[in-house]
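Reader: I should like to examine how the descriptive terms applied to this model are justified. Please set each value against its definition.

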Amino acid sequence: MGSSCLKHGMVMLVAGVFCLLTSPSIGELPRFEHHAKPEESLNVLVLGDWGRKGTHNQSFVAHQMGIVGEKLNIDFVISTGDNFYEDGLKGVDDPAFYESFVDIYTAPSLQKTWYSVLGNHDYRGDVEAQLSPVLRQKDSRWLCLRSFILNGEIVEFFFVDTTPFVEEYFTDPKEHTYDWDGVLPRATYLSELLKDVDSALVESKAKWKMVVGHHTINSAGHHGNTEDLKQLLVPILEANNVDAYINGHDHCLQHIIDKNSGIHFLTSGGGSKAWSSDVKPWNLEELKLYYDGQGFMSMQITKSNVDIVFYDVYGNTLHTWSISKDRNVAAWI
């Protein structure tokens, strides 16, 4: 389909979503509670684009996560999606759940809840399988929903189902088949999701507000910016003073600070297969890290600061940054 048709389709979708936003939302996002430590802190690992049955260095990344997780005494893990390659899970009994998750992340420190969103590869399989409580019965760590809120007292994470935002998956899916059950009609699904996210962000009293999605918004990587999200989701993030947007999709580690909004765009998509030397030009005032290999990210969150660290497949520190509530003093640490 030509670019003019895609642009026309996007304009029509935006118009449809705008009209639907004027009507009341029919529900609220599911909410989970995860209490901070007594000293009012949370330590988290963030991983994306990982499920390859241990190949493409997935097992090595998992090993280093276990080491860092123990040092930080982590509270939970965030998965930014593309949990099972190449085409999600076939069903709740798909052995890939064990081969890519249960039998890979075996370190004692990683036996914490994994709060997960879906990626585009997950949508190519049986979506309901990943959302099913049957998987949680198989491994109690697993918690995956389309969109939800995690209240960590000092921080709230807003997990957003980003795959349905991408027009191309509907208009030009190529050889892929996507499981859109529960998503269609798309305009209605997106409008209700955007209303619920906006409402939850408005009502949030947390010190820190962070949004988690699979797809990039700002990225110098292979996939680059996701224009659909920039048009529909970014205005909500900016209006509600969101501190960070955390994603995968691009198979790299990346940190961009938007010079206008101050939002930190954190890509942790190095859980297994990476794309070497696949990087686009970017304003170096905004691009604080771009690493084209495997790895993961940690976040140490207190009331006053969020300290982020990116690690490579060997556990080496690639990049550190401290985000302060006074954005003027946020800097490398």
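Reader: What makes strands 5 and 15 the edges of the open sheet?

Author: The open sheet has seven strands in the order 5-4-3-2-13-14-15, with mixed pairing. Strands are DSSP runs of E with at least two residues, and helices are runs of H or I with at least four, numbered from the N terminus; two strands pair if DSSP finds at least two bridges between them. Strand 5 (142-144) and strand 15 (317-324) each have a single partner strand, so one side of each is left without a neighbour in the sheet. This is a predicted model, in which local features need pLDDT of at least 70 and side-chain atom pairs count only at pLDDT 80 or more, whereas totals for chains, interfaces and linings use all residues. Residues are numbered from 1 along each chain as its sequence is written, and side-chain values use heavy atoms, with hydrogens and water left out.

Reader: How do you know that strand 3 and strand 4 pair?

Author: Three bridges join strand 3 (residues 76-79) to strand 4 (residues 114-116), and the criterion is at least two. The two strands run parallel, and Ser-79 stands opposite Ser-116 in strand 4.

Reader: Why is Val-183 called buried?

Author: Buried means under 20% relative accessible area, exposed over 50%, and partly exposed in between (1.4 Å probe, protein chains only). Val-183 has 1% relative accessibility, so Val-183 counts as buried.

Reader: Which residues does Val-183 touch?

Author: With contact meaning heavy atoms within 4.5 Å, Val-183 touches Tyr-123, Arg-146, Pro-164, Phe-170 and Tyr-189, not counting residues up to four places away in sequence. Val-183 lies in the loop between helix 6 (168-171) and helix 7 (186-203).
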